[in-house]
Every structure is written in C-alpha cells, then in structure tokens.
Amino acid sequence: MTGQERANRLFLVLAAFFVSNALLAEFIGVKIFALEETLGLAPFEWNLFGQSGSLNFTAGTLLWPIVFVMTDVINEFYGKRGVRFISWLAVVLIVYGFVFAYLAISLAPASWWVGVAADQGVPDYQKAFAAVFGQGMWTIGGSLVAFLVGQLIDVSVFHRIRRATGERMVWLRATGSTAVSQLVDSFIVLYIAFVLGPQQWPTSLFLAVGSLNYAYKMAAAIALIPLLYLVRRGITAYLGHGQAAQLRAAAARD
C-alpha cells in the first residue's frame, strides 16, 4: 500500500468516526443526566447570574469532547478543507437522520407493539419513541447551527495559532481553538433553542447554563490533551514519519 493510499484510508476512517460521534451526540443528547449522582458525589449547587442548580448535562456531552479531538487531529493532518468537508458532511447526515426519525414517528404503530413494554414501566411505546427521537425543531436547528459555526471558527483559530507556533505546542492550538469555538457554540445553541424558542429563557438563565456548559467542555478538552498526543503518535506510526510530515506541511499551507 502506498503512502497516499494509507493517507486516504486514514481520512476515511477519521471522517466516519467523526460523523458517527456527532450523529450519536445529537440523538442521545435528549437525555439529561446528573453528573454528581452518576459519580456518586454529593450534589454541587452552583450559583451564577442569580440562578442556581446542580450539575446536569445532556448525554451528548459524553461524545462532544471526542469530536473536538477528532477535529484537531483532522485539522493537523488534512487542514481546513478536511475539517470543513467532514463538518458539512456531519450536518447533512444529522439532518438526514432526523428526517427519518420523524418519518418513523409518523408511521402507524402496530397495536400489539404499543403496550409491549408495559411491564418495564413504559405503558405507551409509541409516545416514548416519539419523546426520545422527536426532538423539537428549535433544539435541532440550534444544535446544528452552533455545531457548524463552532467548527468553522475552530479551524480558523487552529491555523492562526499554528502559523504563530509552527510544529511546536500542539496542545496550545488544540485547546486555544476549542476555547474560542466552544465559547460561541455553547451560547448559540442555547440562544436559538431556549431563548428564541418557545421556552423563552430569561437572560440570567441563558448566561448561567451557557457558562456552565462552556466550563464543562473546556475541562473535558484539557483532560483529553493526552489522548490528542496519543492519536497523533498512532497516526504518525501508521503513515510513517515521512508521509505524516508531508501531510502536516500540506495542511499548514491549506
């Protein structure tokens, strides 16, 4: 297998993994979990902008940090065009997924299927299915806009830092680009979904929840820096130092 064939195969694998994580994050994001109870800790009461509460996040936050790492890895080896391509691809496939989720909800359920899980505490399977997969349009729209804008900002900031630092300080361009892009992402999604949307959150709640989500994403991004270096080393070993260096050089010029 030639070096170019390895590079093409690697991009295919990275793109598939990126899109899968983004798609899964959108669909499982309907569940809100309590971080403290999950970790067996006493509830932590935060207080921001006159609002208070415990540490509750969507289940999608389990996967978004992986998406950040994948974005930085693809940025490193395949440049702006690579990240923009997979970002648009992810958006198209997420929309595709939700279209078919809504089509599935609209299908007339078999009468026996509606009550098949009654003994598991789900008296109406159709309503449960619709509640899980039928996320509101404001939420879907806000999430998609925030994701795409965040990705485009991330790739731009990443390369600005790269031009200033060269091949040094991988951690800085990774966390720096995430810091800027997720600041925008965290607030756009909430503004569209819950301020402009039917719930019409007050400004104080919007700022409090947005700040909390941003803090979580940044903590996760920093915690995953070792994973970024590990993936980068694995890719270099797979491609060979020469091919990996060529890809990084081409990505830097992109």
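## The cavity lining

Let's start with helix 3, which gives the most to the lining of the largest cavity, contributing four residues. In this predicted model, at least two lining residues apiece come from helix 3 (64-106), helix 7 (170-196) and helix 9 (225-239).

If you would like to find the spot in the structure, the lining of the largest cavity is made up of P65, F68, V69, D72, A174, T175, T178, A221, L224, I225 and L228. By character, eight of these residues are nonpolar, two are polar and one is charged.

## The space inside

How many cavities of 30 Å³ or more does the structure hold? There is one. The space in the largest cavity comes to about 60 Å³.

## The nonpolar cores

Helix 3 turns up again here. The largest nonpolar core has 39 residues, and L14, F18, I74, Y78 and F147 are those with the most contacts inside it. Two or more residues of this core come from each of helix 1 (3-28), helix 3, helix 6 (137-165), helix 7, helix 9 and helix 10 (241-253). Helix 3 gives the most to this core, with 16 residues. Another core lies apart from this one; it has nine residues, including A146, A193, F194 and V209.

As a bit of background, nonpolar side chains tend to be buried together in soluble globular proteins.

## A look around L14

L14 is a good residue to zoom in on. Which residues does L14 contact, once its neighbours within four places in sequence are left aside? They are M70, V73, I74, Y78 and I235. Two of these partners, I74 and Y78, are also listed with L14 among the residues with the most contacts inside the largest nonpolar core.

Technical notes. Residues are numbered from 1 along each chain as its sequence is written. This is a predicted model: local features need pLDDT of at least 70, side-chain atom pairs count only at pLDDT 80 or more; totals for chains, interfaces and linings use all residues. Side-chain values use heavy atoms; hydrogens and water are left out. On a 1 Å grid over the protein atoms alone, a cavity is a set of points where a 1.4 Å probe fits but cannot get out, and a pocket is an open set with protein on both sides within 12 Å along at least five of seven lines; lining residues have an atom within 4 Å of a point. Grid points are joined across faces, edges and corners, and a volume is the space filled by probe spheres set on the points. Ala, Val, Leu, Ile, Met, Phe, Trp, Tyr, Cys and Pro count as nonpolar, Asp, Glu, Lys and Arg as charged, and the others, Gly among them, as polar. A nonpolar core is a set of buried Ala, Val, Leu, Ile, Met, Phe, Trp, Tyr and Cys residues joined through side-chain atoms within 4.5 Å. Buried means under 20% relative accessible area, exposed over 50%, partly exposed in between (1.4 Å probe, protein chains only). Contact means heavy atoms within 4.5 Å.
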